[in-house]
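Please read the following account alongside the sequence and the three-dimensional view. The text takes up the cysteines and then turns to a sheet and the helices that accompany it.

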Amino acid sequence: MAGRINDEDVKAVRDAVPIDAVVSEYLQLRNAGGGNLKGLCPFHDEKSPSFQVSPSKGFFHCFGCQEGGDTITFVMKIDHLSFSEAVERLAGQAGITLRYEEGGYNPSHQRGERIRLVEAHKIAAEWYAEQLATSPEADTGRVFLAERGFDQAAAVHFGVGYSPQGWDHLTRFLRGKGFTDKEILLSGLAQEGRRGPIDRFRGRLMWPIRDIGGEVVGFGARKLYEADNGPKYLNTPDTAIYRKSQVLYGIDLAKKDIAKSSRAVVVEGYTDVMACHLAGITTAIATCGTAFGGDHIKILRRLLMDNGSARVIFTFDGDAAGQKAALRAFEDDQKFAAETYIAIAPDGMDPCDLRLAKGDEAVADLVEPRTPLFEFALRQIVARYDLDTPAGRAAALDEAAPIVARIKNSGAQHEVAVQLAGMLGILDTQFVVKRVAQLARWARDRGGKGPAPDRHQPASQQYASAQASAAPRGPALNLRNPVYATERELLKLALQRPELVSPAFDAYGADEFTAPPYAAVRLAIQDAGGAELGVADPQDYLVKVREAAPDDAVRAMVTELAVEAIMLRRAVDEPYAGAQLVTVRRRAVERRIRDITGQLTRLGTQGDPAQLAAVQNELWVLQQYDQTLREHGAAAL
């Protein structure tokens, strides 16, 4: 069993790898103000960005789904790793050697399963690439690439390799690197033979498939020999690190340019991606042996940020299979906010063949947007009917109108409906428009089962609801309530700018925060060492506050408050912080004054004189304190 990673090493990893650098490997981040960055959340579907990253604090938080944490937490969640696996992965990126509390440092035995599988793929990719570059047997593969216009430099750039024809060359190589047969089988690099594991890929050209973070997680293998009875392309089977429906070939190379240009080009094969990139279309990607679907869209949306100018261009072969693929892509079209187009070369050539026949310029011209995807899809449908007859036009409308009705933007829906009328040759365009609108209304009515739950409900509100019976100190949390707003602002200052509120904040009791989740956060800060710790040790402060939180709800609230922007347009300063301190304290004093006034009323003139005098004295002291706060502000704290 793996030993516990040394705490100092965990801290070193957390400090060494900036959270914005890690997150931006998976999604596009933009300025959110106040030093924060924002993007589309990778953990839930959303149209507008509610996912925020605070580079200065080292935390992320989604205000939609409430996921949050530090760099390690992000890697754990995005790649489904254990804590130790995430630390090991980040340590590898930062060049930090980890120490283990039990049993010493032994990476070959102590790394988690996913780390081991990724490492096996990395070693395999390097080995395959070496075979292609040096092995005489690999000449077949080198000729294959050369015939398609790819030289050795192109092969190196894309990491293309060659798997020898023998039964267990790679298996024996991986064993020599310390991998067990079980690990080699789990990786999908080998399969069970009659006498033990044998190589899954033999006598094939190998393309490493990387995830968006750049790790090799699988391979695509192209048949080279007639004697090979397998399929033309053979992919890694689904494993703990590879799901073909959740990866895009070339995404590691294309992601930065996709984010920068707000454009993605979806092609059909590995050589098409290579051809596009070498022709200057560095936003090209491809699916890996499966149709383009919902999980692929999620990957692209996080990079494109779904802004209005984003474009996704599909290039499909002009044959029946390519047309079918285009129609499948159109079925998911409405999941994009981006505009979608299709590009098909007049002679039906794919980008690889086009580059070989007509050069790089022809490839660049191909992917310039030509036909909107919806228009292509509708024309394919309409072409199946005899539009010279009323029955044919009616049947085509019956099939095409529901597709147009799925367009969510009402303006775009109306425009496409008018175009559909033109394609069908129906002169009464309003008839088609009304038919589409009617179908859209019916679809909404069938799906209308009351309002959907608010995905953007803050963690504070969820926590307050859950704690209502246990902490009935206030009404259900309403974020428009100025009392709660000030308490929230003070806690944000205590977490983000502790030097502005310390040491006064540490004298505040949890009962001065009327919202149960805020009171819980106040206690977590106290248990971690107070705002004073944030001044003395800003690096570890937020980590310790999160660790002091009693449960996930409070932990999420801490992260949310640590990332959320402070509600001040100008630079945050001491007077602003002092105003929040004073307001929260004065409201607490006023509540106590009301309580005591009620107590005096209940005691009346018949109460115990000593008790009555004590209550009256407390009331006088509080009234004097309130007046001092009102006149002198934070100086009176």
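**Cysteines and a mixed sheet**

The sulfur of Cys-41 has its closest cysteine sulfur in Cys-62, at 3.6 Å, which is too far for a bond, because a disulfide is counted here when two cysteine sulfur atoms lie within 2.5 Å. The model, which is predicted, holds zero disulfides. Cys-41 counts as buried, with a relative accessibility of 3%, and Cys-288 likewise counts as buried, with a relative accessibility of 0%.

We turn now to the sheet. Five strands make up an open sheet with mixed pairing, and their order across it is 13-12-14-15-16. Strand 13 (284-286) and strand 16 (371-372) occupy the edges, where each has a single partner strand, so that one side of each is left without a neighbour in the sheet.

Within this sheet, strand 12, which spans residues 263-267, pairs with strand 14, which spans residues 311-315, in the parallel sense and over four bridges. In that pairing, Ala-264 has Val-312 of strand 14 as its bridge partner.

Two helices can be followed from here. Helix 12 (residues 270-278) packs on the sheet, where it touches strand 12 and strand 13, and its direction makes about 175° with that of strand 13. Helix 11 (residues 251-261) also lies across strand 12 and strand 13, and runs at about 130° to strand 13. Strand 13 is thus a reference for the directions of helix 11 and helix 12, and it is also one of the strands standing at the edges of the sheet.

Notes. Residues are numbered from 1 along each chain as its sequence is written. This is a predicted model: local features need pLDDT of at least 70, side-chain atom pairs count only at pLDDT 80 or more; totals for chains, interfaces and linings use all residues. Side-chain values use heavy atoms; hydrogens and water are left out. Two strands pair if DSSP finds at least two bridges between them. Contact means heavy atoms within 4.5 Å. Axes are lines fitted to C-alpha atoms, for helices over the stretch in contact, and angles run from 0 to 180 degrees between N-to-C directions. Buried means under 20% relative accessible area, exposed over 50%, partly exposed in between (1.4 Å probe, protein chains only).
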